[in-house]
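Here is a walk through one protein model, taken a piece at a time. Keep the structure open as you read.

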Amino acid sequence: MINVLSIDGGGIRGLIPALVLQHIETETGRPTAEHFDLIAGTSTGGILALGLTLPQNGTASDPRYSAAELAALYRDRGEDIFHQPRWRQVASVVHLFDEKYDHSGLEGVLDEYFGDQPVGDGLTDVMVSSYDIQAREPYFFMSWREPDQTVPMRRAARATSAAPTYFEPAKVAVGDQQRVLVDGGVFVNNPAVSAYAEAERRYPDEPIRLVSIGTGSATEPIGYDESQEWGKLGWAVETIDIVFDGVSDAADYQLRHVLGDRFDRFQVPLESASDAMDDASIENLEALAQDAERMMATQADALAALCDRLDGN
C-alpha cells in the first residue's frame, strides 16, 4: 500500500493541519515522513510538506522539525510573515497598486527554518505546487526530479506561498530556467488529486491510500448586494479566497468517488476563527486551534483508525 499525504493551502490557517499532524505523531510515536511515501502541499501546505521532510543536519533519517515545532512556527512567527509596514497601512492609494505584504518577512522566516537544504534531500518524496506566470503553466517541485533536486527548499517554499495580492511572485532558478512563480492555490489549493495522479504514475501496480488535510473552510456567506458593489478591484481581491475554497471542495468530491474507503479527508468549517489567510493575531491563532480541536473531536473515530493504520505500517 502506498500512503500519500496532501495538505491544503490557507496561509496562517496552516496551523490546523499542523496540529492534526502533531496529534498523529504523538499517537504513533513516529514522524510524519516515516508514515507516507509521498507528501504534497500547496502554499502553507507546501511549507509544511517541506518542513516535515527536512532532514537533520548530518542525519539523513531524522526530520529536523516535528509537527509540533511547525505548529509553533505559526504561533511564533506568523506576525513576522504577515508584516505590514506602516507606510502600507496609511498610504491607501499606494496599497491599491502593490502587494499587501513585503516578502522580506516571509523570506526571512523561510531562510531561518530551511537554510540551504535542497528539495532533493527530503526524507520522503515531496511535491509542492506553484504556477509559472511567465510560461503560463502549472509547476510542481518534485524531490525525485533532477532539475528540482538542487533547488533550495526555502525557494520552493517561497514560490508555493506567493499568493497574488499578498506577496510578490518569486523568481526561482530551476536547472537552466528562471521561473516566475506564484502560489499553486490559483489552480490547485487542494493538491490531493495531483498527488494521487503522480502516485499512480510512480507506483502503477500498487494500491494507493490518500490522506487529505484542510485548513478550515469559510462559512461566512457573501451576499448578492455586497458582491454587486465590488467592481473589478473588489473581485480581484475576493476571487482569490473563493477560488482557493472552491478548488479544495472539488478535489475532495473527486477523490471520494475515485478512492472510496482509501481516502480520508480531515476538514472543518471555521466557526471560531477568521477565514482570512493573514490574520496572525493571538486571538485568531487561539480560535484556529479551537477549530482544529473541534475537527479532531468530530472526526475522532476516523482519526483513531488512521493512527492505528499508520502505526501498523
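Start with helix H7, residues 103–114, in this predicted model. How far apart should its ends lie? At 1.5 Å a residue, the 12 residues of H7 should span 16 Å. The C-alpha atoms at its two ends are 16 Å apart, so the expected span and the model agree.

Now look down the axis of H7. The buried residues of this helix fall within an arc of 140°, so they line one face. They are Gly105, Leu106, Val109, Leu110, Tyr113 and Phe114. What does this buried set pack against? Three helices: H3 (44–53), H4 (67–81) and H9 (153–160). Just after H7 comes Gly115, with a positive phi of about 55°.

Stay with Phe114, in the buried set of H7. Leaving aside residues up to four places away in sequence, Phe114 touches Ile47, Leu50, Gly51, Leu54, Arg64, Met153, Arg154 and Ala157. Phe114 also belongs to the largest nonpolar core, which has 68 residues. Within that core, Phe114 and Phe141 are the residues with the most contacts. A second core of 18 residues is separate from it. Among its members are Ile2, Met142, Ala195 and Leu255.

Next, turn to the strands. Strand E8 covers residues 177–183. Is E8 mostly covered or mostly open? Mostly covered: 5 of its 7 residues are buried. E8 pairs with strand E5 (residues 125–132) in the antiparallel sense, over 3 bridges. In that pairing, Asp132 stands opposite Leu181 of E8.

E8 also pairs with strand E7, residues 170–174. These two strands run antiparallel and are joined by 5 bridges. Lys171 has Val180 in E8 as its bridge partner. E7 and E8 form a hairpin, with 2 residues between them. In the turn sits Gly175, whose phi is positive, about 60°.

Finally, step back to the protein as a whole. Its secondary structure comes to 15 helices and 10 strands. Of its 313 residues, 52% count as buried. How much of the contact network links residues far along the chain? Among contacts with a separation of 6 or more, 74% come from residues 24 or more positions apart. The accessible surface comes to about 13,900 Å². Carbon and sulfur atoms account for 49% of that surface.

Technical notes
Residues numbered from 1 in each chain as written. Predicted model: local features only at pLDDT ≥ 70, side-chain atom pairs only at ≥ 80, totals over all residues. Heavy atoms only, no water. Buried < 20%, exposed > 50% of the residue type's maximum accessible area, 1.4 Å probe, protein only. Helix = DSSP H or I, 4+ residues; strand = E, 2+ residues; numbered from the N terminus. Pairing = 2+ DSSP bridges. Contact = heavy atoms within 4.5 Å. Areas by Shrake-Rupley, 256 points an atom, 1.4 Å probe, with all protein chains shown as cover. Expected span 1.5 Å × (residues − 1). Arc of directions from axis to C-beta. Core = buried A, V, L, I, M, F, W, Y, C linked by side-chain atoms within 4.5 Å.
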